[in-house]
Amino acid sequence: MHWYTPVRIEGPLPDAIASLAEVRVEFKLSTIHPTYQATDDNGHPLVMKDIGMIKLYDTGEIHALAYEGLCGAEIRVVLGSAEAAMSTKPCMKDGWDRRRNNGKPRWQHVIQIPVDEDEDKIAFLAARDLTRYAREKTAELLDDLSHATIEVSA
Amino acid sequence: MTQTTQVRPLSSEVEEATHLLALYDERVALAKAFAVSDRPTGAMAEAVMAKGAELDARCEAFRRKHYPRRYRVLAVQGMVFSVSFTGRTSPIYDGQVS
């Protein structure tokens, strides 16, 4: 599916009334879900994966973009987040990112959910390998820097 | 096809989450009736606003009782999930599965 209908909020309707579940999902993003390691509220290691993105334009349009291959519950999480974004003022404190490129100023937010190792082995391994790669790359760069010489020309 | 991580809430949580989803369904029904009405009235708009305010209050009470370290609890699209301070989502209860 490559279609969507952006929601236009016009007139004096309050924000809460505009929540009519008319947000459409655009399956446009890659099928590869970015995953990474994080920590939960108690400090325990946790693997998260991105399942979609919400773009809230200043014109009132709300675009909900979901990755392909999501199950119904994950799509409903994306839709629900978009629906909640209608009646919530976005701010950077809440994880929203402000973008102004392409002449379309907007707020955008990446939707993430935790991943269980037993349920999504690929995502779990991808996050672990990505973290390991980042550590090895950082160590490699630090090793290069340790042998670097600074030449000062008079 | 991947599966969402299933969180197993307590029985009291399930009851309260079910109540939240019922409130959400009522709010959606009111909003749709308002949207398709030929002669929308102020009372209909106020009913939608009141139901939304009640849902928000119930969600906040649910968050303070069961998930005080989370930023927000949302009951939408037949699912109750929490959002952390950094915007990470964690499903709590799926009304269409349980």
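Two residues are in contact here if their C-beta atoms, placed from the backbone, lie within 7 Å. The model on screen is predicted.

**Stop 1: Asp97 of chain A**

Select Asp97(A), which sits in strand E5 (residues 97-99) of chain A. Now show its contacts, leaving aside neighbours within four places in sequence: they are Trp107(A), Gln108(A) and His109(A). Add Val110(A) to the selection; Asp97(A) and Val110(A) are 13 residues apart in sequence, and their C-alpha atoms are 8.9 Å apart in space.

Is Asp97(A) buried or exposed? Asp97(A) counts as partly exposed because 14 other C-beta atoms lie within 10 Å, and that class falls between 12 or fewer for exposed and 20 or more for buried.

**Stop 2: the hairpin of chain A**

Select strand E3 (residues 45-57) of chain A together with E4(A); they run antiparallel and are joined by 5 bridges. Strand E4 of chain A covers residues 62-66, and 4 of its 5 residues are buried, so the strand is mostly covered. To see the register, pick Met53(A), which stands opposite Leu65(A) in E4(A).

Then move to the turn. E3(A) and E4(A) form a hairpin with 4 residues between them. In that turn, Gly60(A) has a positive phi of about 100 degrees.

**Stop 3: chain A as a whole**

Zoom out and colour chain A by secondary structure. There are 2 helices and 6 strands in chain A, and from the N terminus on they run β-β-β-β-α-β-β-α. Chain A has 154 residues, of which 29% count as buried. Among the contacts in chain A with a separation of 6 or more, 64% are between residues 24 or more positions apart.

**Stop 4: chain B as a whole**

Switch to chain B, which has 2 helices and 3 strands. Read along the sequence, their pattern is α-α-β-β-β. Chain B has 98 residues, and 33% of them are buried. Of the contacts in chain B between residues at least 6 apart in sequence, 42% join residues at least 24 apart.

**Stop 5: helix H2 of chain B**

Select H2(B), residues 42-66. This helix has 25 residues and reaches 36 Å from its first C-alpha to its last, close to the 36 Å expected at 1.5 Å a residue. Which residues of H2(B) are buried? Val48(B), Gly52(B), Leu55(B), Cys59(B) and Phe62(B) are. Display H1 and E1 of chain B as well, since they are included in what covers these buried residues.

**Stop 6: the sheet of chain B**

Hide the helices and keep the strands. The 3 strands of chain B form an open sheet in the order E1-E2-E3, with antiparallel pairing. E1 and E3 of chain B are the edge strands, each pairing on one side only. From one strand to the next, the twist averages 25 degrees. Look at E2(B) and E3(B), which are joined by 5 bridges. Val83(B) stands opposite Thr89(B) in E3(B).

**Stop 7: where the chains meet**

Finally, show both chains and select the contacts between them: 29 residues of chain B are in contact with 31 residues of chain A. On the side of chain B that touches chain A, the elements giving two or more residues are helices H1 and H2 and strands E1, E2 and E3 of chain B. H1(B) gives the largest share, 5 residues. Coloured by class, this side of chain B has 14 nonpolar, 11 polar and 4 charged residues.

Key
Residues numbered from 1 in each chain as written. Chains lettered and ligands numbered in written order. Predicted model: local features only at pLDDT ≥ 70, side-chain atom pairs only at ≥ 80, totals over all residues. Nonpolar A, V, L, I, M, F, W, Y, C, P; charged D, E, K, R; others polar. Expected span 1.5 Å × (residues − 1). Pairing = 2+ DSSP bridges. Axes fitted to C-alpha atoms, helices over the stretch in contact; angles between N-to-C directions.
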